[in-house]
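Here's a quick briefing to read with the model open beside you. It goes through the ligand sites, then the domains and a helix pairing.

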Amino acid sequence: MGSGGMIVMDEDTCMVDIAKFFLEFTVDESCGKCSPCRIGTKRMYELLTKITDGTGTLEDIDALEEVALSLKNGSLCALGQTAANPILSTLKHFREEYVEHVVDKKCRCHVCKGLTEFYIDPEICKKCSLCAKKCPVNAITGEVGKVAYSIDTTKCIKCGACIENCKFKAVKKR
Ligand code: SF4
Ligand code: SF4
Ligand code: SF4
């Protein structure tokens with residue numbers, strides 16, 4: 001992924017999100033001496049943020065690749081020269097995940113919050129109300145023991161408290 005290390009990931013790791021995660025480090029660490037790295041890392045981060053937020057386009061993927069190559073070829077030191085590796089590597093091997101984010105507006109791993117929705121399966125919900133008590137924005141309604149609980153997606157801030165607290169795994173992501 002980066003500059004020579006090996007990391008084992010499974011199918012629950014979003015390749016776009018992980019590229020953004022690694023880039024965050026180089027955005028912080030760039031000393032700013034040369035413009036390909038100083039400007040390029042920030043532009044790439046903005047493009048990746050657009051894509052993971054669900055507002056990216058196919059042109060953004062092309063622009064991302066173009067900036068990544070400029071960074072690799074034009075940076076002064078190893079930090080800038082390797083900063084784009086996670087992006088170039090994931091674009092090479094998992095490009096379809098980038099395309100899914102911008103065309104289908106879907107994150108197959110349900111990691112990118114802008115593309116993920118929480119919902120409660122009424123068939124599994126035991127109507128215990130615990131999720132509603134834990135929700136910080138009162139987005140969950142139902143009636144203890146009577147009406148299955150459900151999430152108002154217009155209020156939900158995708159904090160994940162409901163999914164963490166439901167013992168019956170009735171809260172899901174799509
Ligand atoms: S490539 Fe190296 S010298 Fe250039 S801005 Fe990045 S860290 Fe500084
Ligand atoms: S915590 Fe789970 S079982 Fe209880 S009301 Fe919420 S979704 Fe239903
Ligand atoms: S993800 Fe957070 S904000 Fe959304 S319904 Fe669950 S607890 Fe509430």
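The shell around ligand 2 comes out as nine nonpolar, one polar and two charged residues. Keep in mind that this is a predicted model. The protein is split into domain 1 (15-104) and domain 2 (117-173).

**Ligand 2**
- Cysteines in the shell are Cys125, Cys128, Cys131 and Cys166.
- Lys126 and Lys127 sit in this shell too, which has two charged residues in its tally.
- Ile120, Ser129, Tyr149, Phe168, Ala170 and Val171 fill out the rest of the surroundings.

**Ligand 1**
- Here you'll find Cys31, Cys34, Cys37 and Cys77 around the ligand.
- They're joined by Ser30, Gly32, Lys33, Ser75, Leu76, Leu79 and Gly80.
- By class, that shell splits into six nonpolar, four polar and one charged.

**Ligand 3**
- This one has 13 residues around it, and the closest are Cys135, Cys156, Cys159, Gly160 and Cys162.
- Its shell holds 11 nonpolar residues, plus one polar and one charged.

**Domains**
- Taken over C-alpha atoms, the centres of domain 1 and domain 2 are 36 Å apart.

**Helix pairing**
- Helix α2 (residues 35-53) and helix α5 (residues 85-104) cross at roughly 35°, with their axes coming within 10 Å.
- On the α2 side, Met44, Leu48, Ile51 and Thr52 make the contact, while α5 brings Ile87, Tyr98, His101 and Val102.
- Sorted by class, the residues of this α2 and α5 contact are six nonpolar and two polar, with no charged ones.

Terms used
Residues are numbered from 1 along each chain as its sequence is written. Chains are lettered from A and ligands numbered from 1 in the order in which they are written. This is a predicted model: local features need pLDDT of at least 70, side-chain atom pairs count only at pLDDT 80 or more; totals for chains, interfaces and linings use all residues. Side-chain values use heavy atoms; hydrogens and water are left out. A residue is near a molecule or strand if one of its heavy atoms lies within 4 Å of it. Ala, Val, Leu, Ile, Met, Phe, Trp, Tyr, Cys and Pro count as nonpolar, Asp, Glu, Lys and Arg as charged, and the others, Gly among them, as polar. Axes are lines fitted to C-alpha atoms, for helices over the stretch in contact, and angles run from 0 to 180 degrees between N-to-C directions. Helices (H or I, at least four residues) and strands (E, at least two) are DSSP runs, numbered from the N terminus. Contact means heavy atoms within 4.5 Å. Domain bounds come from an automatic or database domain assignment.
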